[in-house]
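I opened this notebook to record what I looked up, beginning with a pair of helices and going on to a pair of domains.

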Amino acid sequence: MAIESKTYLPAGMPAPEAMREGLDREFWEAAKRHELVVQKCNSCGTFQFGPEWICHKCHTLDVGWHRVSGRGRVYSWERVWHPAHPALKSACPYIVVVVELPDAGNVRMVGNLLGDPRREVNFDAPVEAVFEDHPEGYTLIQWQLTNR
Amino acid sequence: MSEFTIKDKVAIAGLGETTYYKRGAAPVSEFRLALEAIQRAADDAGLPVTAIDGIASYANDRNDSVRVATALGLPELRFTNMFWGGGGGGGSGAIGNAAAAIVAGFATCVVVYRALAQGQFGRFGATPAMRAISGPIAYTWPYGMSTPAQWIALRTRRFMHDHHISQDPLAAIAMACYHHAQSNPRAIMYGRPLTRAAYDESRWIVEPFHLYDCCLENDGAAAVIVTSAERARDLKQKPAYVMASAQGSDFRQGAAAENGPDYATSNFKTLVPRLYAMAGIEPKDVDVAQVYENFTGAVMTSIVEHGFCHPDEVMDFCTFENLTAPSGKLPINTSGGNLAECYMHGLELVIEAARQVRGTSTCQVKDAEISMVVSGPMVAPVSDLILRR
């Protein structure tokens, strides 16, 4: 029986897990709730991603998480043709984007741009987060073009 | 000049290479390749291998220093050192560390080596089929962004966008490397010239990188003997004096998920002023450069960050004519480099830089006096080396 894939990339890709030490547990838990969070310093307000145990700006260890809108813009992008991972053998080309989040200190996130993988993509194009649930129980943050 | 410098105190005295093989084709083990390269470097210098009393390497070389010293019967190991980082960023830095050890009096004769047998140990360009991942790679691998080609393409793309750069400079860099390899019988791509048409028609790996924008993966080993300038003068070869070496990384370049604040950089902006200050030279004084080509895009940004041209001049500067020996403005990768000679993680670039100073390159730049090596681009940490006649 053919099972229709609802994910951008095929099954069998590496599955993210929260770090055992707990540093990014809230990021992955929030994604499951379809919320995008970014680490923010509770003392000076600096945003960081990926998360760190310490604020790189004021050096407090008191860092927390802040929910953001999920709206961003394309900072860079690429079309991948060579499958570096065995699960991608029949999935090329696909598009990887680096998205900048203006409401989170311009931190960046990496994801896929949903839709036609052969399209041209404009730098600075507005995008919004899409939460992609996987059967294994994790949620990826993907991006789609938006008019806003 | 600062009191604390290695300038002119140390020299490269011996160069050793095994035959370079296609990936997976080495007939002997990686460890044996390392031993052969070290022996050849000592022979080249005119030293017994037992003169070696220090070992430095980089990129987590698998051939443990104490195992090497044991196998070679070194009577006294005084210094062992590993440059941090997994990519090609440490090729120059390992020489710098060896030089520092000699100036500090830790050791008198240090060998730097790098050995690779990918048939024995697996490839760099493939992503292991791991299922559960966590930490920084969890923010990129699930999206099919897991290889150096893929992150360097993203940064290159942004640089090309910011400075209105076409595919031409990337093609020129690839063609310059292949052109130089045609004079080098040791090169894997000897006898296989690259035309612009073949470049354009080659498959995309990840846009903007065609197949020919990407380094090879090879088997083999290379080794370099570093000793004091004074001692080098009495040895068999013309010394290649170390004018300067510098290493490091810019602000937060280790931030996960492409969050280095300065994004489209090869990570040399804070290093380069220190490098030129130690050498006491300017970019215009450099006669020839070996610029680590993991991917052509990072060579382009390295040329800019080392002051050879402004970002907005790349289209005019990075041309085949300018980048080729014997008479280009900045001949690069004159043995063919990682793209066309051999991917020995850039130690073959250090060896070629020393050959240019000796006057023995197969693409010799006339009267080359100052010879640069750029190691790493778009990884962290990175390092550089300047040699002189």
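I looked up the handedness of the crossing of α1(B) and α2(B) and found it right-handed, a crossing being right-handed if the near helix is turned clockwise from the far one by less than a right angle, and left-handed if anticlockwise. The helices are DSSP runs (H or I, at least four residues; strands are E, at least two), numbered from the N terminus. This is a predicted model, in which local features need pLDDT of at least 70 and side-chain atom pairs count only at pLDDT 80 or more, while totals for chains, interfaces and linings use all residues. Residues are numbered from 1 along each chain as its sequence is written, and chains are lettered from A and ligands numbered from 1 in the order in which they are written.

I then noted that the axes of α1(B), residues 30-45, and α2(B), residues 65-72, come within 11 Å and cross at roughly 65°, with axes fitted to C-alpha atoms over the stretch in contact and angles running from 0 to 180 degrees between N-to-C directions. Which residues meet there? A34(B), L35(B) and I38(B) in α1(B) meet V68(B), A71(B) and L72(B) in α2(B), where contact requires C-beta atoms, placed from the backbone, within 7 Å.

For chain A, I read an automatic or database domain assignment that gives domain 1 (19-68) and domain 2 (70-148). Their C-alpha centres lie 21 Å apart, and the contact takes eleven residues from domain 1 and twelve from domain 2. On the side of domain 1 that touches domain 2, α1(A) gives the largest share, three residues.

Notes
Two residues are in contact if their C-beta atoms, placed from the backbone, lie within 7 Å.
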